[in-house]
Amino acid sequence: MNPHFLQNPYLNGINTKPYYMKKVVITVIALSLSISTMMSCKEAADKAKAATEEAADSLEEAGDDLKEAAEDAKEAMEEAGEEMKEAGSQALDSIKKAGEETMDKAKEMGENAKDAANETADDLKKVAEDAKDKLDH
């Protein structure tokens with residue numbers, strides 16, 4: 001007693017239950033694959049979020065280091081100014097040397113911050129590519 005919508009006119013009297021069960025099994029498999037893909041995408045999004053937070057922390061640390069370097073430079077220049085009053089030309093050499101060291105430190109800190117930002121951008125690109133590859137498959 002198959003309802004008319006379950007009857008296949010091309011199968012005249014052949015048991016069609018296995019045919020429809022195959023469709024149900026295939027549908028269940030397709031749904032489970034799509035759910036696993038969604039979970040994988042969620043994991044990739046979580047990883048991207050974590051990488052973004054890590055990049056923000058790295059940039060914040062780099063900013064703090066630059067601030068400390070600027071404060072150190074300020075202190076060094078104040079000390080050099082006092083010495084300049086006392087020692088004259090010898091203090092001018094100290095100021096020049098302190099300025100060069102400060103600039104070298106600032107350049108070094110800037111390069112470190114740039115490298116950290118580039119690494120973070122590369123990590124985010126990799127996570128996005130992985131997520132895209134998982135979606136494509």
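## A tour of two helices

Start with the whole chain: its secondary structure comes to two helices and zero strands. The model is predicted. Helix α1 covers residues 17–87. Helix α2 covers residues 89–136. Colour the two separately before going on.

Now switch on the surface. The chain exposes about 11,300 Å². Carbon and sulfur atoms supply 57% of that area. Of the 137 residues, 12% count as buried. Then think about contacts. Among those in the chain with a separation of 6 or more, 59% are between residues 24 or more positions apart.

**Stop 1: Met21, Val24 and Val28.** Select these three residues together. They make a nonpolar surface patch of about 270 Å². Methionine 21 is found in helix α1.

**Stop 2: Lys42 and Asp46.** Stay in helix α1, where both of these residues lie. How many salt bridges does a search of the whole structure find? The search finds one, and aspartate 46 forms a salt bridge with lysine 42. Show the side chains and find the closest N and O atoms, which are 3.6 Å apart. The two residues are four apart in sequence, about one turn of the helix. Next, check how open each one is. Aspartate 46 has 42% relative accessibility, so it counts as partly exposed. Lysine 42 has a relative accessible area of 48%, and therefore is partly exposed too.

**Stop 3: Thr120.** Jump to helix α2 and select threonine 120. Is this residue buried or exposed? Threonine 120 is buried, because its relative accessible area is 14%, and the cut-off for buried is under 20%. Now display what is around the residue. Leave aside neighbours within four places in sequence, and threonine 120 is in contact with Ala51 and Ala55.

**Stop 4: Ala113.** Remain in helix α2 and select alanine 113. Its relative accessibility is 16%, so alanine 113 counts as buried. Which residues does alanine 113 touch, not counting those up to four places away in sequence? They are Leu59 and Ala62. Add leucine 59 to the selection and draw a line between the two C-alpha atoms. Alanine 113 and leucine 59 are 6.3 Å apart in space, yet 54 residues apart in sequence.

**Stop 5: Glu111.** Keep helix α2 in view and pick glutamate 111. This residue counts as exposed, because its relative accessibility is 51% and the cut-off for exposed is over 50%. Draw another C-alpha line, this time to alanine 62. The distance is 10.0 Å. In sequence, glutamate 111 and alanine 62 are 49 residues apart. Alanine 62 has already appeared on this tour, as a residue touched by alanine 113.

**Stop 6: Lys74.** Finish back in helix α1 with lysine 74. The relative accessible area of lysine 74 is 54%, so this residue is exposed. How many residues separate lysine 74 from threonine 102 in sequence? The answer is 28. In space, C-alpha to C-alpha, lysine 74 and threonine 102 are 9.6 Å apart.

Methods
Residues are numbered from 1 along each chain as its sequence is written. This is a predicted model: local features need pLDDT of at least 70, side-chain atom pairs count only at pLDDT 80 or more; totals for chains, interfaces and linings use all residues. Side-chain values use heavy atoms; hydrogens and water are left out. Buried means under 20% relative accessible area, exposed over 50%, partly exposed in between (1.4 Å probe, protein chains only). Patches are made of residues with over 30% relative accessible area and no salt bridge: like charges are joined within 9 Å, nonpolar side chains (Val, Leu, Ile, Met, Phe, Trp, Tyr) within 5 Å. Accessible areas come from the Shrake-Rupley method with a 1.4 Å probe; for residues, only the protein chains shown count as cover. A salt bridge is a side-chain nitrogen of Lys or Arg within 4 Å of a carboxyl oxygen of Asp or Glu. Contact means heavy atoms within 4.5 Å.
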